[in-house]
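Visitor: I would like a close look at a single part. Please take the six-stranded sheet and what packs around it, then set it against the rest.

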Amino acid sequence: MTVQVSQLSNGLRVVSHRMAGLETATVGVFVNAGARAETDNEHGVAHFLEHMAFKGTATRTPMQIAEEIEGAGGALNAVTSSETTNYYARVLKSDVELGLRLIADLLLNPAFLDDEMDREREVILQEIAATQDSPDDIAFDLALEEAYPGQPLGRSILGTARTIERHAAADLKRFRNENYAASRIILSAAGGIDHGVLHRVADELFGGMPTEAARPLKRARFEGGHAHSDKRFEQCHVIYAFEGYPNGHDDAFAGRIFTGIAGGGMASRLFQEVREKRGLCYDIHAFDWGYSDSGIVGLHAATSPQQLPELARLALGIFADLAREGPTAQELARAKAQLKAGLFMSLESCEARAGQLAWDLMVFGRPLTNEELIEKIEGVSRDAVQAAGQRLRAKPEIVSVTVGARGAASAVVDAAEAFLAGSLAPV
């Protein structure tokens, strides 16, 4: 594996993987400042800033940006998450420098023109409106709000209609100036890459950035709680969530395997017991999201109001059983195989590989080899997986959320309390 890492004098790190035989490449700038870096008055600013990156710079109009990248057969994109904002270009290997120069222009020289801001404001308002038509989005937004109340991690990345309406160019500039610093930026590329060229151009473009960000990040506090939305849909949705492991924790892979066994596929306990054997729903799955200093793990399902009470107790009972008994040898082997396959299949694309390299640098301080990843996964024992489940039961904080079916919401809360009390009957 041809992976190289270097660092500019201001602290910005450059990492690349030259993937033999590829005629394309992905180059991306990964900023360790997402929605979580916002103040209370800035809700939605990080995402708004990402949108405005494509709306013109001091030297390029939005149309010129599109024509330049597409004239080379490439594509630009960006995404905002809770903890990062990522800007990347997919190009032919001969156009890596072009892609990087365009990204640098978007990040360093945005125009923030009033008419473009007003147009993009309407686009974001429609994006927010779309989430209100999605019961899944409503449920997960409520779950995060209960898990991290009064904190940026507990707020929607998109902002609200009220906050987006009031944001001005000065708000976006302040957020960028106080968070976009070299020590929080990783330039990552994969595919047909020449690392020497990448470093040289990065130094030219980003070498003048300040080293340290002016704004520190606050620690997360997982608190838990119960929430309900009366908004009516054809089905009602339920989420249970607990605090999981943060990224890079020694037991993070054990937690991921616990989640996979509980609800990570068609052979998982949730899918087999709740859907296949009892027909209580069409979709049910477990999830595991890590942050730098916290994590959230749980389950989500959609069903009819009449079946929700049975589903709630059964699903939490499956979590409790797995924590009490631990996994079987067959379940442990299958979950490890799924985790390895999912990871390595995704890394066969330039885009996923560039993202993984940046993530490794942020979390572990260096890129991990495939052998190290396999060793971490294979090293997870049955006892470690069981301990990850018992950790959920040992903490008093739990999140329960229902969307629709007010009459069944109390049953969901009752099941949560029974889980914490250890009084759920074995499945």
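Guide: What follows starts at the sheet and works outward.

This is a predicted model, in which local features need pLDDT of at least 70, side-chain atom pairs count only at pLDDT 80 or more, and totals for chains, interfaces and linings use all residues. Residues are numbered from 1 along each chain as its sequence is written, and side-chain values use heavy atoms, with hydrogens and water left out.

Six strands make an open sheet with mixed pairing, ordered β1-β2-β6-β3-β5-β4. Strands here are DSSP runs of E, at least two residues long; helices are runs of H or I, at least four; both are numbered from the N terminus. Two strands pair if DSSP finds at least two bridges between them. At the edges sit β1 (2–7) and β4 (75–80), each pairing on one side only. From one strand to the next, the twist averages 15°.

Take one pairing inside the sheet. Strand β2 (residues 13–18) runs parallel to strand β6 (residues 185–191), and six bridges join them. R13 stands opposite I186 in β6.

Helices cover this sheet. Helix α8 (residues 195–206) packs on it, touching β1, β2, β3 (24–31) and β6. Contact means heavy atoms within 4.5 Å. The direction of α8 makes about 155° with that of β2. Such angles run from 0 to 180 degrees between N-to-C directions, and axes are lines fitted to C-alpha atoms, for helices over the stretch in contact. Helix α13 (residues 350–364) lies across β1, β2, β3, β5 (85–92) and β6. It runs at about 145° to β6.

Next, two helices that pack on each other. The axes of helix α1 (residues 45–52) and helix α7 (residues 169–179) are 9 Å apart, at an angle of about 100°. That makes α1 and α7 roughly perpendicular; the class covers 65 to 115 degrees. On the α1 side, V45, A46, F48, L49 and M52 make the contact; on the α7 side, D171, L172, F175 and R176 do.

Helix α3 (residues 96–108) has 13 residues, so at 1.5 Å a residue it should span 18 Å; its end C-alpha atoms are 18 Å apart, which agrees. The expected span is 1.5 Å times one less than the number of residues. Among the buried residues of α3 are V96, L100, I103 and L107. Buried means under 20% relative accessible area, with a 1.4 Å probe and protein chains only.

Now the rest, for contrast. A five-stranded open sheet has the order β7-β11-β8-β10-β9, again with mixed pairing. Its edge strands are β7 (225–229) and β9 (283–290). Eight bridges pair β9 with strand β10 (residues 295–303) in the antiparallel sense. W289 stands opposite I296 in β10. Helix α10 (residues 269–277) lies across β9 and β10, at about 155° to β9.

The largest nonpolar core has 52 residues, and Y240, L270, V274 and F319 have the most contacts inside it. A nonpolar core is a set of buried Ala, Val, Leu, Ile, Met, Phe, Trp, Tyr and Cys residues joined through side-chain atoms within 4.5 Å. Helix α11 (residues 308–325) gives the largest share, ten residues. A second, separate core of 51 residues includes L12, V96, I185 and L187.

Last comes helix α9 (residues 252–263). Eleven of its twelve residues are buried, so α9 is largely enclosed by the rest of the structure. Among the buried are F253, I257, F258 and I261.

Note on methods: Buried < 20%, exposed > 50% of the residue type's maximum accessible area, 1.4 Å probe, protein only. Parallel < 35°, antiparallel > 145°, perpendicular 65-115°, else oblique.
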